[in-house]
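Trainee: I am new to this structure and would be grateful for a close look at a single helix. Please explain how its buried residues are arranged and how that part fits into the wider picture.

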Amino acid sequence: MNDAERRFTAIYDSCRQRVWAYACARAGGQIADEVVSETFAIAWRRFGDIPEPPLPWLLGVARNVLRDGHRAEARRAAFTAELAHWTPPPGGDVAEDVTERMAVLRAMAELPDGDREVLILTAWQGLSPREAARVLGCRPAALRVRLHRARRRLTKAVEGSAARSPAPRPGPAGVVRSQVEIVGREMT
Amino acid sequence: MSRDVLRVLTEARPVELDPEIRVDEATRTAELARAMAGTRDAHRERARRVRPVWVLGLAGATAAAALVATVVVPDDPAAPRSPAPVALDARTVLLAAADRTAATPEGTGAYWHSRTIHRNHFPVTEGGRRYTIEVTQATDSWTPARPKGKQWSRTQNLGFRPASAADRAAWQKAGSPTRVKVSVPISPKLKRLKSAVYEAAPGKAHVQASPLVDGDKVYWIGRNVTMKQVRSLPTTPATLRKELLRWYKGHGTESNSPMPRDRWLFEVGGLLVTDLPVTTKTRAAAFRLLADLPGVRSIGKVRDAEGRPGVAVAAIERTPNGVLQRRLVIDPARGAALASETIVLEPAGVNAELPPNSLLGSSTFTTTWTDKPLS
């Protein structure tokens, strides 16, 4: 293995699952594998362009791959469909907390694609506004504005859906965890 | 809701999307293998250097599309513009150029100024008429002799014109359009096309100054190199060949398509004699290296696309897009390489609809040391 291959493998190991999680959240598990594969193929081809840290750049590449192949409407459908399979995180001993999380996830599905994207990058990928701005190709200041608006709309959507229908009761924690394994196997 | 919505959202991240999950080994192996099975792309890496070099002018997106040389597509097929070829042995021509080059004093200056005129030929279908246009682009670059300077470039589209008298007639019958759309192959295998629009009128010149990559890298010759490294290339044919071949990976300089070693050396050697600020001793060695390559033959006396007289030497390259003839136009008396030209002898692939022996494109080179950029 030469230097380039070693460095590339290290980048893959540190970022692969994040790229996959981003693609999965954006477009569903079905095509996340494809997007990851294509993203790293591009990354290797453009090896000389990969900056430090590589993650925002990789997510930007994945974003382009997604955008080229999958329309926003299809992405919303994918998110909604995926939602049915996703496993809420364990913990959340208080029933209200769990209910709240479910409500937030459902509200995510109702948001405009652009809002959902900003929220995924910041809340789920844990990117700073500067990093998220790099992924989206905008200025950090513009990102903050987008995040502010997305957050406002998310709050509204959560409140709106809470008003429309009571959230279904989540199953007991044990049941939820056993689902992790089943779903996890399907997805890999 | 009672708590901060972003915080709830963060906590609500489904388990599947946890970035700390490790990918299974089989997927990891397969994905890494698939990624690294591709070749690292010279185009892309070039984006970080200021100026493309491993390019015989027309390479890149439009590369194998279609070029035409004055010699090959005359206005009237019965009356070629250039004189009839005279039998001149390629080796003799190249060795004469080497001797002449070796006897030339080194130039001096703060910048290496290279002016290249690219001419590409594209088939057009418009208003039910088919014709070929010649698109011309001028590129000037000024590369600093010392580190820390800036590399300057000026590019300008010089517009298009019908490639021949017959093409002009068809173009006029199509209503003499001053904007035309052509299809340009983009993928390495050239199966995908994208369209490009060309104007008959010259465009504006774009001037750019960029700091050197890493402060001192000026060219890409299989890797980023400094001016000092370019100037220190070996000065005998054998050592030069050995040094160059370190960067040969079995494929072309601008694509992943396989390229035999000798064809690759012809292309890269051609670059050293046409375009790069190598020392006169290295350039002489490059001419001798070319002279020793098998399969290089003389085409005889020609004029380049700028009308300058020279002798063409050529190598044959078999590609998915046909059998191509790569020509270098040499001025043995000055020890200079004037131009490179590509002709499709047996069209195939994206060139399938062209007549045999069509000129796909040409690049003419004028180089000199100078003290001022943009002069």
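**Helix H4 of chain B in its setting**

Mentor: In this predicted model, residues 24 or more positions apart account for 68% of the contacts in chain B that have a separation of 6 or more. Chain B has 375 residues, of which 45% count as buried, and its secondary structure comprises nine helices and 13 strands.

Helix H4 of chain B runs over residues 90-102. At 1.5 Å a residue, its 13 residues should span 18 Å, and the C-alpha atoms at its ends are indeed 18 Å apart, so the two values agree. The buried residues of H4(B) are Ala90(B), Val93(B), Leu94(B), Ala97(B), Ala98(B) and Thr101(B). Because they cover an arc of only 135 degrees around the axis, they lie on the same side of H4(B). Among the elements of chain B that cover these buried residues are helix H9 (280-292) and the strands S9 (297-303), S10 (309-319) and S11 (322-331).

For the wider picture, one may turn to the nonpolar cores. The largest has 59 residues, and those that touch the most other members are Val19(A), Ala23(A), Val35(A), Leu58(A), Ala62(A), Val104(A) and Leu154(A). Its largest share, twelve residues, comes from helix H1 (residues 3-27) of chain A. Domain 1 (1-72) and domain 2 (86-188) of chain A each supply at least three residues to this core. Apart from it lies another core, of 49 residues, including Val230(B), Ala285(B), Val311(B) and Phe365(B).

Definitions and conventions: Residues numbered from 1 in each chain as written. Chains lettered and ligands numbered in written order. Predicted model: local features only at pLDDT ≥ 70, side-chain atom pairs only at ≥ 80, totals over all residues. Helix = DSSP H or I, 4+ residues; strand = E, 2+ residues; numbered from the N terminus. Expected span 1.5 Å × (residues − 1). Buried ≥ 20, exposed ≤ 12 C-beta atoms within 10 Å, placed from the backbone. Arc of directions from axis to C-beta. Contact = placed C-beta atoms within 7 Å. Core = buried A, V, L, I, M, F, W, Y, C linked by C-beta atoms within 7 Å. Domains from an automatic or database assignment.
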